[in-house]
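Biologist: I would like a close look at one part of this model, taken slowly and then set in its surroundings. Could you start from a single residue and work outwards to the rest of the chain?

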Amino acid sequence: MRYQIAVIKGDGIGPEIVTEAMLVLEKVGAKFGHEFVFQEVLAGGCSIDVNGIPLTQETIDICKSADSVLLGAVGGPKWDSVESAKRPEKALLGLRESLGLFANIRPAMMYKALAGACPIKPEIIGDGFDIVVCRELTGDVYFGKHYRKESDCGWGEMGCDDMNYSVYEVERIARRAFEMARVRSKKVTSVDKSNVLETSRLWRETVTRVAQEYPDVELGHMYVDNAAMQLVRNPGQFDVIVTGNLFGDILSDEASMITGSIGMLPSASIGETGRGMYEPIHGSAPDIAGKGIANPIATILSCAMMLRYSFGLSDEADTIESAVEKALNDGHRTADIAYGGEKILSTSEMGEKIRENL
Ligand code: NAD
């Protein structure tokens, strides 16, 4: 099969890590008989430098006509003084909107070889954890009306943000979560604040109704404050967490941080069609850009997610994930995941070790 991939290397370490990921895809393609055709486009700070704006219609059109998008990271101090409507990060929002990406999928798992990086005590972690946070991406308070008004009781000006969720929006993200749980440990935890919020009461009712379509998957509900606590108290209890945009923003960062290795974690943003946007969770790391020391693993694992979720190539995805795990088990480390004594590999050396294992 031939797959068209729009590639946004972006800013900072973006070009270094995406190059390694593209080489991994090429090798997987050669091994399994697929052709991955890359088309590089600009977005973020590098697009501001060339086009004056972070996201052009040309980039949007190429991403829309591709089978999927691979992105490094955008942003950096060079563009910090740019007016907020034209900041590099606006490219991400524009792409999500244009591509109709309503679900953000972030796995957070602990690799046994990196257990030392986990900030939680070993006796709590036990056998480790393997969580996926499925965050709704296009609704909630972020997309409600934002406005100011005079308070009724003489307390001065008030800032107001409307929080909204429709049944349709909750149903489609809930189905994504249940389908994902079906091929994992068959457990969904829906996180809301239904003791306070009307949007959350509708969320809980809707998720409960959708659960009837998936009798093989266990559904639990949890208030967001408790979920934040349980993630550090006993992360092993979770399989798939499904939640709204605001709670998901916070919980997905928390879930990532308990792994202790920001350079390791991939993510996917997906919509109704098979097309998705795949990127590491970390940013453009301007402090280490151009030094050849960034960890390429999060980007390489993002490619595995692309193969699995957009192209239905599970064996190929498994092969990449096993190659990464073997490299770690063999003791190969970039600087961010080295804890003493190991030989430190460069970005390209780590990419090469992973490719040798494919
Ligand atoms: P960051 O994730 O770029 O960096 C945080 C720390 O983690 C830094 O010390 C960095 O060196 C380290 N780090 C990150 N990725 C690494 C990797 N692959 N290997 C080794 N070390 C790694 O976060 P930040 O410093 O807050 O943001 C820098 C820029 O990135 C900002 O302009 C921000 O807006 C942007 N950003 C972009 C995205 C994105 O494109 N999706 C996401 C987050 C931040």
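Modeller: N245 is found in helix α9, which covers residues 245-257, and in this predicted model the residue counts as buried because its relative accessible area is 1%, where buried means under 20%. The side chain of N245 reaches the backbone oxygen of L137 at a distance of 3.1 Å. Once its neighbours within four places in sequence are set aside, N245 is in contact with R135, E136, L137, T138, G139, D140, Y142, F143 and Y165.

A second buried position is S190, whose place is in strand β8, residues 187-192. S190 counts as buried because its relative accessibility is 0%, again set against the limit of 20%. The side chains of S190 and W203 are joined by a polar contact of 2.9 Å, and W203 also appears among the residues that S190 contacts beyond four places in sequence, together with V207, L219, G220, H221, M222 and V242. The C-alpha atoms of S190 and T208 are separated by 9.1 Å, although these positions lie 18 residues apart along the chain count.

The loop between α6 (167-182) and β8 holds K186, a residue other than glycine whose phi is positive, near 60°. In general, most residues other than glycine have a negative phi. K186 counts as partly exposed, since its relative accessibility of 35% falls between the 20% and 50% limits.

Looking further out, the protein chain is divided into domain 1 (1-101 + 266-358) and domain 2 (119-258). The C-alpha centres of domain 1 and domain 2 lie 26 Å apart, and the contact takes nine residues from domain 1 and seven residues from domain 2.

The largest nonpolar core has 65 residues, and those with the most contacts inside it are I105, F178 and L307. Helix α10, residues 297-310, gives the largest share of this core, with eight residues, while the core as a whole draws at least three residues from each of domain 1 and domain 2. For I105, leaving aside neighbours within four places in sequence, the contacts are V132, V133, C134, M180, S267, A268, I270 and M305. Separate from this is a second core of 19 residues, which includes C118, I131, L231 and A255.

Finally, there is the ligand, which is surrounded by 20 residues, the closest being V74, E89, G283, A285 and D287. A backbone N or O atom of G76 lies 3.0 Å from an oxygen atom of the ligand. On the nitrogen side, a polar side-chain atom of E279 lies 3.1 Å from a nitrogen atom of the ligand, and an N or O atom in the side chain of H282 is likewise 3.1 Å from a nitrogen atom of the ligand. Taken alone, the ligand exposes 810 Å², of which the protein buries 68%.

A285, one of the closest residues to the ligand, lies in the loop between β12 (276-280) and α10. Its phi is positive, at about 40°, although A285 is not a glycine. A285 is partly exposed because its relative accessible area is 21%, which is not under the 20% limit for a buried residue.

How values were computed. Residues numbered from 1 in each chain as written. Predicted model: local features only at pLDDT ≥ 70, side-chain atom pairs only at ≥ 80, totals over all residues. Heavy atoms only, no water. Core = buried A, V, L, I, M, F, W, Y, C linked by side-chain atoms within 4.5 Å. Buried < 20%, exposed > 50% of the residue type's maximum accessible area, 1.4 Å probe, protein only. Helix = DSSP H or I, 4+ residues; strand = E, 2+ residues; numbered from the N terminus. Domains from an automatic or database assignment. Contact = heavy atoms within 4.5 Å. Near = heavy atom within 4 Å. Polar contact = N/O pair within 3.5 Å; in protein donor to acceptor, adjacent residues only side chain to side chain. Areas by Shrake-Rupley, 256 points an atom, 1.4 Å probe, with all protein chains shown as cover.
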